[in-house]
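I opened this entry to look up how the parts of the model touch one another, taking the contact between chains before the contact between domains.

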Amino acid sequence: MTLSFILNGEDVSARVRSVDRLSDLLREHFGLLGLQSDCRGGRCGRCLIMLGGRLVPSCILPAFRIRGMEVVTIEGFSQTDEYQDIVAGFKSAGVETCGFCDSAKILATATLLERRTRPTNAEILEQLSVAPCRCTDPETLVHGVQAAAERRARRLYHRAR
Amino acid sequence: MRRREKPDENRPITTGDLTVEGMIHAATVRSPVARGSVRSIEFPRLPTGYRGILPEDIPGANTMTCFGASIPVLAHDSLSYAGEPVALITGPDPVLLEELAAATKVLCEAEEALFSWESFSSEQVAAKRVAVLGDPDLAFSIAETVLEDDYTSKALEHYYSEPQGAAASYDYDKMAVWCATQWPYHVRDSVALVLGCKQEEVSVRPTRLGVHLDGKLWYPSLLACHAALASFVCGRPVKLMLTREEDFLYTPKRARSSVNVRTALGRGGDLAGLDLRIAINVGAYPLLAEEMLGQAVFAATCVYACPNLRVEAYAVLTNHPPMGPFGGLGASHSFFALETHLNRLASLKGEDPMDWKSRNVLHKGQTILTGEPLKDEVPYAAIAEKLAAMSDYRRKYACYELVRKRRGGRGEGPLRGIGFSFAYQGSGPFLSGEDSNAYTVEAVLDKDLHAWLRTSAAVGSDGVLGIWRRRAAKILGLPLEAISVVPPLTDNVPNSGPSTLSRNVTVVNRLVGRACEAIQKRRFRDPLPLTAKSVYRVPRPILWEEGRVRGSPFDTAAWAAAAVELELDPWTFEPRPIGVWMCLDGGEIVQSERAAAAVRIGAFDALGACMRERVDPTERLGHREEYFRYGLEPLDELPPISVAFLEPGRRAAVKGIGELPFNTIPAAFLSALSQAGGAPFTSLPVAAAEIIRATETP
């Protein structure tokens, strides 16, 4: 079947089979390698995307389910100001990741900051548990998200003025 | 080849992202039995473009050697574990390949498999280490107190950043191999042996390693052999990528261990005799077995002064998949058992474990297992004092001990406890001599005053690269931007050995320094470019002869102590850590924030191993249900962790500290649990049901 949807702000279409997973479609058809598909069971969080503004694991989602919906991957999100806030916040706090879970952590932070402008430590850690990885130092990560929240709030304040 | 827009030496491509023009995939056909031999392999009807590969297709040797042990690349005559690779299928669609591999009939002559390992027969012993000092039998016969316990630890999944995988393709006259490995030159030599070609005809191009916890030491070489064989047979680029589930079920895990500790106390309550029997289940193949035993024996005997000791350590073969290192090569098994035991011993004598250990710790000049005097003072007093101040350990221990003694019934009063543990991490050479090569790092200063460091040492994070670059920049007097580390392709860099035992920050870092110093000496005499090599010759191995041990157990040692405070949920008896404190003597700390973050990450992993993570092998190493149950500890359930470093001496060297959380936290956790529950616990991880059962027993 041919499927049309919005991918990173652009109208796209692709031919898919009923058995195709969304993660495979995004990686193989569209070459979006920022997400990975390690566990194929929605557990490792490496394949997280934003679907209609919500964080979902794309490896357990059948590709045909996204007909007409808006999908944002890390590649698309990296073009936004929010991405710059998060990356700068992480950098200033010294957040170091293994390079495999970066995209999941950034997208998880983005959806959290969309909901809560000043998240608590517990909210941050709960949200970032969606991408379990042995590289994570929660203390630095909390500082990173708080710094990102600060930058985001400052940017939105200046824009509003 | 599809690559990132800006190639970054620090962040090479991942194996999963790698694609090569015309690339097909490979899937593994596995043994259905744990022990026996293959009678026949019947592939299903394979579509066009798909092909089965059998052991007879191997042009060279059907074997891979590593640390004195050899394992078949595709097993046939002797199957050693369920899930062992016996054949490969190649084709363009990885999903169809999985189905074809599952539909392949492997007919076997099954034999009775060996799964018992805590009690074992002599034919299961793959390696043995025995060391005796003084007269332990006499010490036990006249001892005032003798205490004996068995301690067991379960297997653990490495849960590395990316599942294992490899890709291979002919690049003109060379076989190019991509995989995430801790040891690129081992991959090269293994592939050359399997293809029957010269080592120079294989080029290894390491992909992004990420967090590995020593799980990518030798297994990537096996997968690289499979990918290279498939590429050789099919004449096309081939990628073999394991799924997370496949990786969980069939790749090496942390070895299980059982340690029997018997201690004898003299009249003053000090350690008079120590008798340990260590059994490490290494699974189907004894890779690194001698090394693990050596590390375990020294860990058990190089911290506390004991005039009479006997240690027997066995590597036990079973028909489980191979098991081995996990964030260290075996020392953590001994530290866990010994430290938990000594904490219990002190508690039974009515003494604070911190004080008891202070009286019994080794001092400079005292004789260690090798018969040599200890060269440096063990920084116990400074570490323990700082840790006690950070954690308020002494007051808390006394309070919780009082509560424990006065507790009337199960669940009465606050169920809290605090545990303490002290350990070291040795860095540098292998003790077993199984790795006797000379390892090299090369530095080049070019005409543009840019320095290039060439080493095959694999790094999991950017932190280590930063340490090397800083050191080179300091010696050469150049800005940090003028120092680059060459991507570790085996064509471009010399062999710097396996990246384990914190060698990257000890041995390789030292070699970087020496090579840069050699350049600096010639810099204003000779014209640029200048090249200098620095070679590390592995010292003589430890000799084990009839109970006597000779040699030096470690190059450098970092020391640490940990305190873990926890409470039990009064309704469910689930342990909930309240706080973890660690104090370390890690020598020169190059970047203290990064070092503290690395220790905290290790501490979280170690806590996970104490609480949630467990693989309980029965006939297989793991089951599908276990795979779905297994997971890392959620971040929001972890306690705060405080890390402090001792001020280094003026001439302190950089030391490895990454293994210290695994060496200290499990014992501290279990001791805290024993105090909170009011019953001794001897195995990790502990389920709430076990705690309830133990506290029911008077």
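I began with the area that chain B and chain A bury between them, which comes to about 2800 Å², with 50% of it on carbon and sulfur atoms; I note here that the model is predicted. I then looked up who takes part, and found 39 residues from chain B and 30 residues from chain A in the contact.

Next I turned to the polar side of this interface, where the rule finds seven salt bridges across chain B and chain A. I looked at the pair Asp137(A) and Arg600(B), a salt bridge whose closest N and O atoms are 2.7 Å apart. I also recorded 15 residue pairs in polar contact across the interface, both residues of a pair being at pLDDT 80 or more.

For the side of chain B that touches chain A, I listed the elements giving two or more residues, namely helix H11 (462-476), helix H13 (592-611) and helix H14 (624-629) of chain B. The largest share of that side, six residues, comes from H13(B), and by class the residues of the side divide into 17 nonpolar, eight polar and 14 charged.

I then moved inside chain A, where the domain assignment gives domain 1 (2-77) and domain 2 (81-157), with C-alpha centres that lie 22 Å apart. Their contact takes 13 residues from domain 1 of chain A and 17 residues from domain 2 of chain A.

These two domains of chain A bury about 1200 Å² between them, 69% of it on carbon and sulfur atoms. I counted zero salt bridges between them, and two residue pairs in polar contact, both residues at pLDDT 80 or more.

Note on methods. Residues numbered from 1 in each chain as written. Chains lettered and ligands numbered in written order. Predicted model: local features only at pLDDT ≥ 70, side-chain atom pairs only at ≥ 80, totals over all residues. Heavy atoms only, no water. Contact = heavy atoms within 4.5 Å. Buried area = accessible area lost by both parts, 1.4 Å probe. Salt bridge = Lys/Arg side-chain N within 4 Å of Asp/Glu carboxyl O. Polar contact = N/O pair within 3.5 Å; in protein donor to acceptor, adjacent residues only side chain to side chain. Helix = DSSP H or I, 4+ residues; strand = E, 2+ residues; numbered from the N terminus. Nonpolar A, V, L, I, M, F, W, Y, C, P; charged D, E, K, R; others polar. Domains from an automatic or database assignment.
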